[in-house]
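Reader: Could you take me closely through a single part of this model, and set out with some care how its pieces are arranged against one another?

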Amino acid sequence: MNIIFIAPPAAGKGTLSDKLVTKYDYKHISTGDLLREEIKKQSALGKRIDKIISKGELVSDEIITELLKNELQNLKGEKFILDGYPRNIAQAEILKSIFDELNIDNYVTIYLDLEEELAMKRALGRVICSKCGASYNTYFENFMPKKTGICDKCGSELKHRADDTEETFKKRFQTYIDVTSPVLDYYKKLEKLYVIDANVESDEVFKVVEQILQSGNVGN
Ligand SMILES: [Zn+2]
């Protein structure tokens, strides 16, 4: 079963994807990576993308669609996780037409449902060790460093990761929810949508994802 992940900031989509790749050999397809790879290849398209991005402009849906279609066509029977796409209803419709063309119907759309307050604490509370990379969270007792601002493991300084303030995070989160809600309706109508409670530990979320993949029935 292929997976489309739709998740607000700090819902733990990255961790889940990593686990699925490791345990079930999923191919992780992120549109951000596809763009970066194409630029690296120095292809004609890659050069165009490079120009667009250096000017600070957004890469068009057409270009992203082309890259995505190539990637999906070149899968050799691997299951895939689609990450970062579709972001809006127009992209969801484009994706559906690519899937139809390539005869892809064995997929589920998984929405990681997360409360704004928790998302904010996860995102803004996160501190990382500048030396060993260990990560902590200043909001959650289980994840706090023993000494404020100091890594338990190596004693180095901890740094905040997010650029957001509470206000900008909440705005970003709300925008995400607003843009995504028609996408969720779209997949619900197609009977491809699963909504998972992501306000729990990531191991628990992973178990629920596994159950969905094993049962293979969609439409709840
Ligand atoms: Zn450290």
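A close look at one region

Author: Glu-191 has a relative accessibility of 52%, and because exposed means over 50%, this residue counts as exposed. The model is a predicted one, and everything that follows should be read with that in mind. The backbone at Glu-191 also deserves attention, since its phi is positive, at about 60°, although the residue is not a glycine. Glu-191 sits in the loop that connects H7 with strand S8, the latter spanning residues 193-197.

From that loop one can turn to helix H7 itself, which covers residues 166-189 and whose axis comes within 10 Å of the axis of H6, the two crossing at roughly 125°. An angle of that value makes H6 oblique to H7, and the crossing of the two helices is right-handed. On the H6 side the residues that meet H7 are Glu-116, Glu-117, Ala-119, Met-120, Ala-123 and Leu-124, while H7 contributes Glu-166, Phe-169, Lys-170, Phe-173 and Gln-174. Sorted by class, this contact of H6 with H7 comprises 6 nonpolar, 1 polar and 4 charged residues.

The next step leads from the helices to the sheet. Here 3 strands form an open sheet with antiparallel pairing, and their order is S6-S5-S7. Strand S6 (135-137) and strand S7 (158-160) stand at the edges, and each has a single partner strand, so that one side of each is left without a neighbour in the sheet. Direction ignored, neighbouring strands of this sheet are turned against each other by 35° on average. Strand S5, made of residues 126-129, is joined to S7 by 3 bridges, and these two strands run antiparallel. Within this part of the sheet, Cys-129 stands opposite Leu-158 in S7.

Helix H6, residues 116-124, packs on the sheet and touches S5, S6 and S7, and its direction makes about 20° with that of S5. H6 is thus a link in this description, since it packs on the sheet and its residues also meet those of H7.

For a check of backbone geometry elsewhere in the chain, two further places may be set beside Glu-191. Asp-25, in the loop between helix H1 (13-24) and strand S2 (27-30), has a positive phi near 60° and is likewise a residue other than glycine. With 59% relative accessibility, Asp-25 counts as exposed. The peptide bond from Tyr-85 to Pro-86 is cis, with omega near 0°, and Pro-86 lies in the loop between strand S3 (80-83) and helix H5 (89-101).

Definitions and conventions:
Residues are numbered from 1 along each chain as its sequence is written. This is a predicted model: local features need pLDDT of at least 70, side-chain atom pairs count only at pLDDT 80 or more; totals for chains, interfaces and linings use all residues. Side-chain values use heavy atoms; hydrogens and water are left out. Two strands pair if DSSP finds at least two bridges between them. Helices (H or I, at least four residues) and strands (E, at least two) are DSSP runs, numbered from the N terminus. Axes are lines fitted to C-alpha atoms, for helices over the stretch in contact, and angles run from 0 to 180 degrees between N-to-C directions. Contact means heavy atoms within 4.5 Å. Angles under 35 degrees count as roughly parallel, over 145 as roughly antiparallel, 65 to 115 as roughly perpendicular and the rest as oblique. A crossing is left-handed if the near helix is turned anticlockwise from the far one by less than a right angle, and right-handed if clockwise. Ala, Val, Leu, Ile, Met, Phe, Trp, Tyr, Cys and Pro count as nonpolar, Asp, Glu, Lys and Arg as charged, and the others, Gly among them, as polar. Buried means under 20% relative accessible area, exposed over 50%, partly exposed in between (1.4 Å probe, protein chains only).
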